[in-house]
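Subject: Structure handover

Hello,

Here is the structure you asked for. Please load it first, then read the notes below.

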Amino acid sequence: MTPAPDDDALLRETTGGLVRGVPRRGVLAWRGIPYAAAPTGARRFRAPAPAAPWQGVRDAAEFGPAAPQDRGQFVGVDRRTPLDEDCLTANVLAPRGARPGDRLPVLVYVHGGAYSVGSSREYPRQGETLVRDSGLVYVSINYRLGALGWLDLSHWSTPERPVESNLGLRDQVAALEWVRDNVAAFGGDPDAVTLSGESSGGNAVTTLMTVPSARGLFARAIAQSSPTNAVYLPAVTQRWAGEFLELLSHQVGDDDLESTSLDDAARMLEEAPVASIVRAAAELQLRTPDEEPGTICFCPVIDGDVLPERPLDAFKAGRAHPVPLIIGTNDREGSVFTGRRDILATTKPRIRAIFAATAKPSRKALKKLYPGLPDRPAALDFGGDYAFWFPSIKVAERHARHQPVRFYRFDAAPRILRVAGVDAFHGLELWALYDRMRTPFGWAMSLLGGRRAFLRTAARMRARWVEFVQTGVVADWPVYEPEHRRTLVIDDVDRIEEDPRGDRRRAWQEFVPHV
C-alpha cells in the first residue's frame, strides 16, 4: 500500500479502501480488487464475508489469482496463471476520462468453464473494445470453482465446522453487491447494470434471475449458451458430494472408516490440501457423464434458501426477476465436446440411458431428426441441443410471457471451422463479441479465409449488445414470442427467422416434456 496523492486521476475510493488503476490501450483499468474476504481456513466452505478494508492505496494494476482448478481439464487457465483460494476479486474497465458520477451503463461478465475451470484473466484484453468504442463500464469477476464452490456438501455441516450450500452463487451475489456499492466510483451507473455470462456463466445468469438475494442487483441480462436446466435437487447433489468425499479421503491418505462420517468429513474438508480437493473434484467430474448422463456435477442446488426452486419453474410462474433478457446458443453447440471436454450426452451408452427414460414414439421422432445417431457428428449435435439449445428455448418462451426477450442463434464461422466440421461451436461468439480475433487462435481461424466477413459480423453483434446494455432494447431485433418465435440468426448476413428448427423443438418437447 502507498500513500494517496491528491491529484491522482486513476485513484478511486471503494468500500474497502482506495485503489489506483492503470491506463491500458485507451481505457482505464483496475484489477484484482477484493469484493469479499478470502474463503480460506475456517471460511473455506462458508458464504462470502465482506472484504477486510486496507490502509493507504491498493495497487490495482494486475489481475488477482484464478480460483484453484485442474489445469489439464477442459481448456482452463495456463501454467503461468497463479491459483489461490484467495480469489474473490473484481476487475473494472472504464473509458478514458470517466469520472465518478458519470453514470455510464455497466456490463458485468461471468466467465464459463463448467463451473470448474477458467478465470476473469483468461483473455486479459477482454472488454477493452466495448469500453473504448462504446463508453461502457465493464466488470469481470472471479468466483470459487469445482468442489470449493459448486458441490453441495452442506449435509456434512456441523456446529463446529459449518458448511454452506451454493457457495459459487453466493460469491456472484456478493460480487453484484460490490458492483452496486462501488461502480459509481468508476463512472458506472448502479441502476443500469447488465449481467452477462457464457456457458456455465450463462447458467449463472439464468439462475441468478431466480435467486431472491440477487433481485434488484441488475437491470438487464444476457445468457449465452446457458445450460439452463443444470440445477439439481439435494438428493442428487448429496450423492455426488458423498462420492467426492470418498475420493478426497483417498487423495489425503485417510483410510479411516470414520473419515466420511459427519464430524470427520467436516474436519477433512477444512484441513485437506487444496490440491487434493482439486484432484478429487476432477476425478468426480470425469465419472459423472457416464454414471449419470446428461448431468453436470458442479452446479447450483435447489437448497430452499439461496435457490428456492428450479429456475425453469420460476420462469414459468413469472417469479423470475422482471428484467429484459437476451438469450441464445450457437449453431453447433456440441461439436467440440470431445477429448478433455467430453462431458455431454454424446456417446452411445449415455444417449441410450437418456432414451430409456422416455416414451418410444418420442424417441423415434427425435432420432429421425439426428440422422446417424448415435454416431458422430449427430451425437455431438444431440448432446449440445440437450444441454444448451432446448433448455434455452424453454427459458425464452417462459420469460417472454412476462418480460421482453430476444433470442439468437450464432451461425457465423470462418471457413477453416467448416472444413474441420465444427462450424459455429460452443463459445465461438466470444471471439466476435469480445474482439478475440487478434489472439493466436483468432489468427489461426483466418488461415483459409473468412476473417473480414467474421469481423463485420462481430461488429454488428457488438453494436446490438451495446444497444441492449445502454437501453434494454434493440431496434432491429424483434422480441421473441411463443406464438412466432422470431429469432435473430447471426451470420455473414444476419436475418430474422420464425421458429428455426421448429421440427427439432417440437420433437424435444415431446421427448422431455418435464423440462
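**Cysteines**

Cys 299 is buried, because its relative accessibility is 4% and buried means under 20%. This is a predicted model. The closest cysteine sulfur to that of Cys 299 is in Cys 297, at 7.4 Å, which is too far for a bond. The structure holds 0 disulfides. Cys 87 is in no disulfide either; the nearest cysteine sulfur, that of Cys 297, is 18 Å away. Cys 87 counts as buried too, because its relative accessibility is 0%.

**The 11-strand sheet**

One open sheet has 11 strands. Their order is E3-E4-E6-E8-E7-E9-E10-E11-E12-E13-E14, and the pairing is mixed. The edges are strand E3 (22–24) and strand E14 (495–498), each pairing on one side only. From one strand to the next, the twist averages 25°.

Take the E14 edge. Strand E13 (residues 486–490) runs antiparallel to E14, and 4 bridges join them. Val 489 stands opposite Arg 495 in E14.

Two helices are worth viewing against this sheet. Helix H3 (residues 167–182) lies across E4, strand E6 (89–95), E7, strand E8 (137–141) and strand E9 (188–198). H3 runs at about 165° to E7. Helix H4 (residues 200–208) also packs on the sheet. H4 touches E7, E9, strand E10 (220–224) and strand E11 (325–330). The direction of H4 makes about 130° with that of E9.

**Strand E8**

How many residues of E8 are buried? The count is 5 of 5, so the strand is mostly covered. In a regular strand the side chains alternate between the two faces of the sheet. In E8, Val 137, Val 139 and Ile 141 point one way. Tyr 138 and Ser 140 point the other way. All of these residues are buried.

E8 has a partner on each side in the strand order, E6 and E7. E6 and E8 run antiparallel, joined by 4 bridges. E7 and E8 run parallel, joined by 5 bridges. Val 139 takes part in both pairings: it is the bridge partner of Val 92, and Val 108 stands opposite it.

**Arg 31**

Arg 31 sits in strand E4 (residues 27–34). Is this arginine buried or exposed? Arg 31 is buried, because its relative accessible area is 7% and the cut-off for buried is under 20%. Leaving aside neighbours within four places in sequence, the contacts of Arg 31 include two other arginines, Arg 24 and Arg 25. Glu 62 and Glu 128 are also in contact with Arg 31. So are Ala 60, Ala 61, Phe 63, Ala 90, Asn 91 and Pro 124.

**Gly 127**

Gly 127 lies in the loop between strand E7 (104–110) and helix H1 (128–134). Gly 127 counts as buried because its relative accessibility is 2%. Which residues are in contact with Gly 127, leaving aside its neighbours within four places in sequence? They are Leu 93, Tyr 138 and Tyr 434. Tyr 138 is a residue of E8, described above. Gly 127 and Asp 435 are 308 residues apart in sequence. In space, their C-alpha atoms are 8.2 Å apart.

**The three-strand sheet**

A second open sheet is formed by 3 strands, in the order E1-E2-E5. Its pairing is mixed. Strand E1 (11–13) and strand E5 (57–59) are the edge strands, each pairing on one side only. The twist averages 30° from one strand to the next. Strand E2 (residues 18–20) pairs with E5 in the parallel sense, over 3 bridges. Arg 20 has Asp 59 of E5 as its bridge partner.

**Helices H11 and H16**

Helix H11 (residues 378–399) packs against helix H16 (residues 502–511). Their axes are 11 Å apart and the angle is about 90°. The two helices are therefore roughly perpendicular to each other. H11 contributes Phe 382, Asp 385, Tyr 386, Trp 389, Phe 390, Ile 393 and Lys 394 to the contact. H16 contributes Arg 504, Arg 505, Trp 508, Gln 509 and Phe 511. By class, the contact has 7 nonpolar, 1 polar and 4 charged residues.

Best regards

How values were computed: Residues numbered from 1 in each chain as written. Predicted model: local features only at pLDDT ≥ 70, side-chain atom pairs only at ≥ 80, totals over all residues. Heavy atoms only, no water. Axes fitted to C-alpha atoms, helices over the stretch in contact; angles between N-to-C directions. Parallel < 35°, antiparallel > 145°, perpendicular 65-115°, else oblique. Contact = heavy atoms within 4.5 Å. Nonpolar A, V, L, I, M, F, W, Y, C, P; charged D, E, K, R; others polar. Pairing = 2+ DSSP bridges. Buried < 20%, exposed > 50% of the residue type's maximum accessible area, 1.4 Å probe, protein only. Disulfide = S-S within 2.5 Å.
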